[in-house]
Amino acid sequence: MPVDVVFFGPPGSGKGTQASRLASTLGIPQISTGDLLRSHVARGTELGKIAKPIMDSGALVPDDLVIRMLKERVEEPDATGGALFDGFPRTVPQAAALDKLLQEEGRAVGVVLFIDVSDPVIVERLVRRSLLEGRTDDTPETVTSRLRVFREKTEPLAELYRQRNLFHRVDGDRPVEAVAADVLAAVNHAAGRILA
Ligand code: ADP
């Protein structure tokens, strides 16, 4: 029985770290649209050329482009047994596209994890990350605009998934191990329902 998990949270919430741990625990691929887009940028593809300035500004890459990219990734053989979606969906149309895509394969989102971190903590973490990793979208100005985009466009998805009883909030302002334990507890809780 495939298990499909959605991870979301503000930039700098640590969702990437948690997503990668959970994906290996569950034995399913982690599909990060941020990583996929960065790979397009690095390879200089058409999509990469369009995405680069948008990502650097902190805005979202247009839905149709991201949805097409995600669909191709989900159709790869390693994702037939379920996947962990990291950073997708980020908008209401993306959430609808994910539902449709999974439905076509007889699958459905089984659990949604929201890694919650307050704005001041995020800004501090991201500015530190920019010094360590040199990501071009981690400048203080971009961080503020990514955060605003998150609150406006992505956070409303919480309500949508809450209504469907899929939503689990995890406090991300704690050590990685503590967050990971809560993530696993939420998935186990949902697993009873998924496997029932
Ligand atoms: P973070 O969540 O830490 O900001 P990501 O690596 O998930 O970083 O995303 C980096 C950037 O890639 C985003 O700011 C956005 O420009 C683009 N991006 C990633 N995923 C999506 C998506 N699902 N829809 C639109 N744009 C996206």
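Helix α2, spanning residues 33-43, contributes four residues to the shell around the ligand, the most of any element. The model is predicted. In that model, the ligand sits in the largest pocket. The shell comprises 20 residues. The closest are Thr33, Arg38, Ala59, Gln94 and Arg146. Sorted by class, the shell holds eight nonpolar, five polar and seven charged residues.

Polar contacts to the ligand involve both side chains and backbone. A polar side-chain atom of Thr33 is placed 2.8 Å from a nitrogen atom of the ligand. Gly87 approaches through its backbone: one of its N or O atoms lies 3.0 Å from a ligand nitrogen atom. Arg90 uses its side chain, where an N or O atom is 2.9 Å from an oxygen atom of the ligand. On its own, the ligand has 550 Å² of accessible area, and the protein covers 96% of this.

Ala59, one of the closest residues to the ligand, belongs to the loop between α3 (46-57) and α4 (63-74). Its relative accessibility is 36%, so Ala59 counts as partly exposed; the class lies between the 20% limit for buried and the 50% limit for exposed. Val143 is 84 residues away from Ala59 along the chain. The C-alpha atoms of the two residues are nevertheless separated by 10 Å.

Gln94 is also listed among the closest residues to the ligand. Thr154 is 60 residues from Gln94 in sequence, with a C-alpha to C-alpha distance of 9.9 Å. Thr154 is located in helix α7, which covers residues 140-154. Thr154 counts as buried because its relative accessibility is 2%, and the cut-off for that class is under 20%.

The loop between β3 (84-86) and α5 (92-103) contains Pro89. Phe88 lies in the loop between β3 and α5 as well. A cis peptide bond joins Phe88 to Pro89, with omega at about 0 degrees. Phe88 has 0% relative accessibility and therefore counts as buried. In sequence, Phe88 and Ile31 are 57 residues apart. In space, their C-alpha atoms are 8.4 Å apart.

A second backbone feature appears at Asn165. This residue is not a glycine, yet its phi is positive, at about 65 degrees. Asn165 is placed in the loop between α8 (157-163) and β5 (167-171). With 58% relative accessibility, Asn165 counts as exposed, because that class begins over 50%.

Ser13 provides a further loop position. Ser13 is found between β1 (4-8) and α1 (15-26). Its relative accessibility is 4%, so Ser13 counts as buried. Ser13 and Val117 are 104 residues apart in sequence. Their C-alpha atoms are 5.7 Å apart in space.

Taken by accessibility, the loop residues described here fall into several classes. Phe88 is buried at 0%. Ser13 is buried at 4%. Ala59 is partly exposed at 36%, whereas Asn165 is exposed at 58%. For the ligand itself, the protein covers 96% of the accessible area.

Key. Residues numbered from 1 in each chain as written. Predicted model: local features only at pLDDT ≥ 70, side-chain atom pairs only at ≥ 80, totals over all residues. Heavy atoms only, no water. Helix = DSSP H or I, 4+ residues; strand = E, 2+ residues; numbered from the N terminus. Buried < 20%, exposed > 50% of the residue type's maximum accessible area, 1.4 Å probe, protein only. Near = heavy atom within 4 Å. Polar contact = N/O pair within 3.5 Å; in protein donor to acceptor, adjacent residues only side chain to side chain. Areas by Shrake-Rupley, 256 points an atom, 1.4 Å probe, with all protein chains shown as cover. 1 Å grid on protein atoms, 1.4 Å probe; cavity = no way out; pocket = protein on both sides within 12 Å on 5 of 7 lines; lining within 4 Å. Sits in = over half its atoms within 2 Å of the grid points. Nonpolar A, V, L, I, M, F, W, Y, C, P; charged D, E, K, R; others polar.
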